[in-house]
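Colleague: I should like to learn how to read helix packing and a chain interface in a model. Could we begin with a pair of helices?

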Amino acid sequence: MTATAHKLCMIGDFGVGKTSLVSRFVHSTFSEKYLTTIGVKVDSKEVALAGRAPCKLVLWDIAGKSHLDALNMTYLRGASALLLVADGTRERSLHAALNLLMQSRTLLPDAAIVLAVNKLDLVEQWEVAPAALNELRRTLPVHETSARSGEGVEAVFADIATRLTS
Amino acid sequence: MTALDFGSVPERVELYLRELFWQRVNPLLLCFDAGWELRDVRGDAAHYGLDGNDPGQGVQTLRDLFIGLPLHEPQDVPFVELANGRSAHLHLIPDGDIFYVLMLDADTERDRRRVQQQLGHEEALASQAKTKAIGQLKQIRSELERQHSRLEEAHALKNALIATLSHEFRTPLTSIFGYLQLAERRAGDEPAMREALHAVRRNASYLFTLAENLLEYGRGESTAPLLNPTPVDLESLTRDLDAMFRPLAEEKGLEFRVALKLDEVAEPVFDEIRLRQILVNLLSNAVRYTRRGEVTAEIVWRAQTLGIDITDTGIGIAAAHRDGVFVPFNRGGHAGSKGAGLGLSIVKRMVEQMHGTLAFDSEVGRGSSFRVMLPRARERPAAHADDAIAPRFWLQGRSILVADDDSDVAHLLEALLGDLGFRVRVVADAQSAVLEAMAGRPDVLLIDVELSGLSGNAAVYKLRSRGYKGRIVTLSATATAEAREAALRAGADHYLTKPLNVEQFVHVMQQAASTGWSGENHEPDDA
């Protein structure tokens with residue numbers, strides 16, 4: 001069966017680990033070196049879900065920004081899902097993710113939206129309090145992830161795929 | 001000035017521009033029908049990572065780039081990083097039943113932007129890290145301050161311990177003195193017996209002074225003195241001093257005199273224990289450091305003030321040691337002396353507590369003279385300390401989930417917790433701990449921080465970020481304030497370190513189990 005392709009845009013402040021999450025998910029690799037993304041990098045992976053048709057996620061890894069500019073708006077067009085990414089060690093990156101959520105809602109009112117709070121391997125340095133995420137969970141699916149260790153990475157993409165195919 | 005457009009550019013310049021543009025953007029044009037069937041390819045396909053011989057193979061990738069976008073409208077997707085690492089601007093140009101995809105090289109522009117952006121981002125990250133580091137430094141400072149106050153607490157605890165111990169000395173010593181008097185009276189003229197009893201009295205007297213001094217020292221300098229002023233029978237006090245020191249002085253062949261002058265009709269009111277101790281300490285020193293000659297004490301009650309003069313013809317105190325005479329545990333004042341070196345420092349402290357003055361003169365080889373003036377105190381009821389009531393908890397039937405990947409430690413914890421009355425369940429990894437805790441809601445979760453895979457702290461964080469309200473105790477081999485702080489920040493209520501201090505462990509478990517799920521407040525407690 002041919003997998004249905006869905007455009008998934010990854011947005012979040014710079015340095016939160018969007019590219020690393022894609023590398024971990026698609027290529028099972030991780031690099032310690034930070035290399036800023038210019039424009040967009042597109043990758044894809046098929047996700048098999050039990051009892052459902054296979055789903056192909058076309059991942060748009062968009063350059064990090066704390067707000068949506070005209071260029072990012074261009075990239076978001078046609079997306080079925082948004083993965084907001086924040087860095088648990090930088091609380092302001094969570095604020096940026098929520099800001100991006102507000103901005104993108106008007107552009108993509110029907111998109112499935114999930115939040116990944118990345119760098120769980122550095123949980124000892126997290127500024128984001130557990131209570132804050134507990135509160136956010138009331139309105140938004142939230143996953144703690146670590147692109148470095150792989151913790152929670154499959155789960156967050158599987159969650160999106162499930163939402164896209166249900 | 002004439003406008004510059006294609007029509008007005010000289011042919012040679014136009015040609016130059018075309019070549020330049022072509023060279024820089026290296027265009028690739030692909031023509032598709034409405035069903036994404038490739039009709040035509042023009043340009044360097046390999047430059048964009050497409051197979052030059054079979055560019056159709058990369059069509060799917062191109063197709064993915066236009067998912068969700070209407071193909072009958074022009075589309076412009078700038079700076080797309082391609083599979084071969086190159087960057088391209090992608091344009092979709094509809095033309096009736098067909099459409100074109102035009103790819104223009106954006107490598108140079110991407111690289112230029114990347115350098116700028118990378119610098120900017122790294123600078124911003126460094127600045128955030130700097131702000132955080134400053135915050136951490138502030139935290140370290142306040143931690144140091146906390147430790148300082150903990151040290152002060154420990155100091156106070158030590159003083160309390162000394163006070164308790166020395167207090168315990170006093171009762172038996174009092175009894176020893178009483179029986180000594182009795183024994184001396186009955187010993188008659190038996191010289192060996194008298195000598196033995198003198199030796200016992202001398203040493204008991206020294207012990208008594210030491211115990212009294214320790215008691216006072218243990219009260220601590222920072223503690224506000226609890227004075228207990230009562231009317232003092234100065235005549236009785238003088239008799240006691242005479243009875244206590246005359247035998248010691250005479251034994252050394254010293255002349256000993258204690259004189260009392262009462263020139264004031266008002267009743268003398270002082271904290272009697274302190275007054276007695278001032279006199280005992282000064283006389284004890286005088287007798288101890290005088291080899292020949294005399295020791296005299298003159299006590300004068302006059303004009304609402306008690307004057308005390310203790311004079312001896314002893315070894316004296318060198319000028320170099322005068323400043324250190326009142327420093328605790330300083331024995332430099334009397335060379336070769338025995339004793340704890342507390343006596344004079346305590347005299348000074350007590351005189352100050354009683355709002356009096358203390359002065360002394362001394363000359364090496366000729367003796368010393370100490371002068372104390374104490375104003376009459378006002379009577380006041382003694383204060384009472386509150387008794388702390390230790391809480392007791394009943395753990396029978398409480399449930400606990402233990403997460404530790406070291407089976408030996410897990411068994412030990414299971415046994416200890418079983419003895420405490422807990423129903424224990426053990427898991428070996430953090431992921432299971434999260435699942436079991438959410439499902440089973442144990443009264444307490446005891447989790448090792450250094451678990452392989454997902455760390456204990458990450459598991460605690462995940463639980464708390466899902467609203468888990470149960471009590472969590474983390475166990476770690478890292479005994480640092482930072483590690484403890486990190487665990488509590490992740491959501492633990494208590495932080496214990498290995499090797500286990502069993503008493504503390506039991507205490508923490510009792511505390512955790514006593515609040516359990518009923519406690520909505522998750523402010524971490526000190527453990």
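Modeller: Certainly. In this predicted model, helix α6 (residues 272-288) of chain B and helix α7 (residues 343-353) of chain B have axes that come within 9 Å and cross at roughly 150°.

Colleague: What is the orientation of α6(B) and α7(B) to each other?

Modeller: Angles over 145 degrees count as roughly antiparallel; α6(B) and α7(B) are therefore roughly antiparallel to each other. Their crossing is left-handed.

Colleague: Which residues make the contact?

Modeller: On α6(B), the contributors include B:Arg274, B:Ile278, B:Leu282 and B:Asn285. On α7(B), they include B:Leu344, B:Ile346, B:Val347 and B:Met350. By class, the contact of α6(B) with α7(B) has seven nonpolar, six polar and one charged residues.

Colleague: Let us turn to the interface. How is its size expressed?

Modeller: The size of an interface is often given as the accessible area lost when the parts come together. Here one can count residues instead: 32 from chain B and 30 from chain A take part in the contact.

Colleague: Which elements of chain B give two or more residues to the side that touches chain A?

Modeller: They are α2 (59-65), β3 (75-81), α3 (107-187), α10 (456-464) and α11 (481-490) of chain B. The largest share, eight residues, comes from α3(B). By class, this side of chain B divides into 13 nonpolar, 11 polar and eight charged residues.

Colleague: How many bridges join strand β2 of chain A to β3(B)?

Modeller: Two bridges join β3(B) to strand β2 (residues 40-47) of chain A, and the strands run parallel. Within this pairing, A:Val40 stands opposite B:Val80 of β3(B).

Technical notes: Residues numbered from 1 in each chain as written. Chains lettered and ligands numbered in written order. Predicted model: local features only at pLDDT ≥ 70, side-chain atom pairs only at ≥ 80, totals over all residues. Axes fitted to C-alpha atoms, helices over the stretch in contact; angles between N-to-C directions. Helix = DSSP H or I, 4+ residues; strand = E, 2+ residues; numbered from the N terminus. Parallel < 35°, antiparallel > 145°, perpendicular 65-115°, else oblique. Left-handed = near helix turned anticlockwise from the far one by under 90°. Contact = placed C-beta atoms within 7 Å. Nonpolar A, V, L, I, M, F, W, Y, C, P; charged D, E, K, R; others polar. Pairing = 2+ DSSP bridges.
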